[in-house]
Structures are given as structure tokens and as C-alpha cells.
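Dear colleague,

Please find below the structure that I am handing over to you. My notes on what was found in it follow directly after.

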Amino acid sequence: MSRLFRKLVAAGFLAASSGLAPVAHAQPGAPNFGDDASRWAKDNECDDPRFEGEGMSPGLSLDDDIGHDATDCRAAWRGGNLALASVDDADIPDFGDDASDWAKDDECDDPRFEGPAMTRTKLLDQDIGHDATDCGAAWDDGRLQLIGDWEGDAPDFGDDASDWSNDNECDDPRFDGKGMTTTDLKQEDIRHDATDCSAAWDAGTIKLR
Ligand SMILES: [Ca+2]
Ligand SMILES: [Ca+2]
Ligand SMILES: [Ca+2]
């Protein structure tokens with residue numbers, strides 16, 4: 001796939017349903033954004049009521065717009081500003097308590113999650129289930145999701161939308177190993193360095209943290 005094509009898709013200029021879409025759209029974790037038939041399409045706000053988060057239109061979203069605001073919603077999703085709206089309480093994880101040293105610092109430090117609300121510091125297994133206030137608030141804002149929504153043996157590598165894609169180093173912070181970049185890892189690169197990370201995965205030089 002050409003770099004230009006990837007850029008156009010990432011910018012929302014090409015419909016990802018064209019069959020030439022990045023890997024992201026074949027993943028079980030990525031929603032089907034549909035088309036741009038809504039009258040509220042391409043106004044830079046997601047109007048599809050299946051979603052929630054900062055990328056949503058502040059106005060009332062109508063069921064008629066489900067699957068018809070693809071460009072806006074996809075852009076917000078890729079920017080980490082959108083999550084699938086919770087259907088019921090059973091979908092909400094157990095956040096646990098606030099026993100972590102990093103509780104109540106307005107960043108989620110529980111390594112079960114990923115998203116723009118995550119801390120930039122190193123994640124520790126001992127914080128699992130012990131940063132409830134921070135992670136619960138971020139979840140409610142749609143700025144957090146559970147890691148691990150892939151099926152089968154290989155993780156969901158996503159697409160190549162990262163600035164650090166195709167540099168032969170994996171820049172997705174969900175991984176570690178000698179196939180990783182030595183520069184700082186950024187949450188925003190999660191699922192956006194697919195070519196590099198899948199190659200490193202196949203070579204056995206990275207594993208999930
Ligand atoms: Ca819209
Ligand atoms: Ca915290
Ligand atoms: Ca890379």
C-alpha cells in the first residue's frame with residue numbers, strides 16, 4: 001500500500017470500505033463505521049450514537065445516523081477520542097480500589113488498559129485493580145479501553161498511521177523486546193505501527209508486555 005494512500009485513509013479522504021483499507025478494518029476490535037450518508041457527515045464531530053467520548057457531537061445523536069458518519073467517527077476513533085458506548089454495566093471492568101501509589105493523580109496506571117488517559121510512566125503489574133478512581137473516570141469519559149480485544153494467537157497490530165511506522169522498529173507501547181524502538185513510546189502509537197510490529201512479532205523479537 002502506498003504511503004499516500006495510507007495518508008489519505010488516515011485523513012479520512014478515502015472510504016476504508018473500499019476493500020483496500022488498512023488492516024484495522026478487518027479486526028474484530030474495530031467497528032464498521034459505515035458510510036457518510038448522514039446529513040451530519042464530515043462536520044468533524046461524530047454523530048453515530050453507537051459511540052461516546054470527546055470526539056462526539058455535543059448535540060443529540062439519532063439512531064438514523066448509525067453507520068452513516070464514517071469519516072468523522074473514524075477520525076475521532078483513530079485520534080483516541082471515541083469509544084464504543086457501553087451497552088450495559090456488564091461491559092464495565094472491575095476497577096478495584098485505590099491502593100496504588102499512583103491512585104488519584106488523574107492518570108490511569110492500571111496496565112490492563114490503554115488509551116489517551118493512560119499514564120506516560122512505566123506500568124506495573126502491582127497496580128492492576130488498584131487505580132480505580134483515575135481509571136474509572138477515564139473510562140466514563142471514553143478515554144480508556146481494555147487491552148486485548150484481539151482473537152487468535154497474534155495481537156491486533158492495527159494500521160500504519162503512526163509517524164514512526166515503516167522504520168523497522170516497533171513503536172507500539174503494548175510490546176517489549178529487542179525489536180522495539182529505543183526512543184520514547186507513546187500511547188498514541190498503540191495499534192498504529194502495524195508493519196514494523198507484525199514483522200518483529202513474526203521474527204520473535206517482541207512480545208506483549
Ligand atoms: Ca459528523
Ligand atoms: Ca493514577
Ligand atoms: Ca516503527
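**Disulfides**

A disulfide joins Cys108 to Cys135, with an S to S distance of 2.1 Å. Please bear in mind throughout that this is a predicted model. The link of Cys108 and Cys135 is right-handed, with 90 degrees about the S-S bond. Cys108 lies in the loop between strand 2 (83–84) and strand 3 (113–114) and Cys135 in helix 3 (residues 132–140), so the pair ties together parts that are 27 residues apart in sequence. Cys108 and Cys135 are buried.

The structure holds 3 disulfides. Another is formed by Cys46 and Cys73, whose sulfur atoms are 2.1 Å apart. This link of Cys46 and Cys73 is right-handed, at 90 degrees about the S-S bond. Because Cys46 lies in the loop between helix 1 and strand 1 (51–52) and Cys73 in helix 2, the pair ties together parts that are 27 residues apart in sequence. Cys46 and Cys73 are both buried.

Cys170 and Cys197 also form a disulfide, with their sulfur atoms 2.1 Å apart. The link of Cys170 and Cys197 is right-handed, with 90 degrees about the S-S bond. This pair links distant parts of the chain, 27 residues apart: Cys170 is in the loop between strand 4 (145–146) and strand 5 (175–176), and Cys197 is in helix 4 (residues 194–203). Both Cys170 and Cys197 are buried. With bonded cysteines counted along the chain, the disulfides follow the pattern 1-2, 3-4, 5-6.

**Calcium sites**

For the calcium ion (ligand 2), the protein donors are Trp102 (O), Asp105 (OD), Glu107 (O), Asp109 (OD), Asp131 (OD), Asp131 (OD) and Asp134 (OD), at 2.2 to 3.0 Å from the ion. Along the chain, the donors of ligand 2 follow the spacing W-x2-D-x1-E-x1-D-x21-D-x2-D. Trp102 lies in the loop between strand 2 and strand 3, and Asp131 in the loop between strand 3 and helix 3, so the pair ties together parts that are 29 residues apart in sequence. Trp102 is partly exposed, with a relative accessible area of 43%, whereas Asp131 counts as buried at 0% relative accessibility.

For the calcium ion (ligand 3), the protein donors are Trp164 (O), Asp167 (OD), Glu169 (O), Asp171 (OD), Asp193 (OD), Asp193 (OD) and Asp196 (OD), lying 2.2 to 3.0 Å from the ion. The donor residues of ligand 3 are spaced W-x2-D-x1-E-x1-D-x21-D-x2-D in sequence. Asp193 and Asp196 are buried.

**Aromatic rings**

The chain was also examined for paired aromatic rings, and the count comes to 9 aromatic pairs. One of them is Phe33 and Trp77: the ring centres are 5.9 Å apart and the planes are at 75 degrees, so the pair is edge-to-face. Phe33 lies in the loop between helix 1 and strand 1 and Trp77 in helix 2, so the pair ties together parts that are 44 residues apart in sequence. Phe33 is buried, with a relative accessible area of 4%, and Trp77 counts as buried at 19% relative accessibility.

The rings of Phe51 and Trp77 have their centres 6.0 Å apart and their planes at 75 degrees, so this pair is edge-to-face. Phe51 lies in strand 1 and Trp77 in helix 2, so the pair ties together parts that are 26 residues apart in sequence. Phe51 is buried, with a relative accessible area of 4%. Phe33, Phe51 and Trp77 form one aromatic cluster.

**Overall fold and confidence**

The chain has 4 helices and 6 strands, which follow the pattern α-β-α-β-β-α-β-β-α-β when read along the sequence. Of its 209 residues, 44% count as buried. The chain exposes about 11400 Å², of which carbon and sulfur atoms supply 50%. Among contacts with a separation of 6 or more, 65% are between residues 24 or more positions apart.

The chain averages a pLDDT of 82, and 80% of the residues score at least 70. Confidence is highest in helix 2 (residues 70–78), at a mean of 94, and lowest in helix 1 (residues 3–10), at 49. Over residues 11–28 the pLDDT stays under 50, and the model has 31 contacts beyond four places in sequence for them. Where pLDDT is low, the predicted coordinates should not be read in detail.

With kind regards

Notes:
Residues numbered from 1 in each chain as written. Chains lettered and ligands numbered in written order. Predicted model: local features only at pLDDT ≥ 70, side-chain atom pairs only at ≥ 80, totals over all residues. Heavy atoms only, no water. Helix = DSSP H or I, 4+ residues; strand = E, 2+ residues; numbered from the N terminus. Buried < 20%, exposed > 50% of the residue type's maximum accessible area, 1.4 Å probe, protein only. Contact = heavy atoms within 4.5 Å. Areas by Shrake-Rupley, 256 points an atom, 1.4 Å probe, with all protein chains shown as cover. Donors = N, O, S within 2.8 Å, 3.2 Å for Na, K, Ca; no water. pLDDT = per-residue confidence, 0-100. Disulfide = S-S within 2.5 Å. Phe/Tyr/Trp six-rings, centres within 6.5 Å; stacked < 30°, edge-to-face > 60°.
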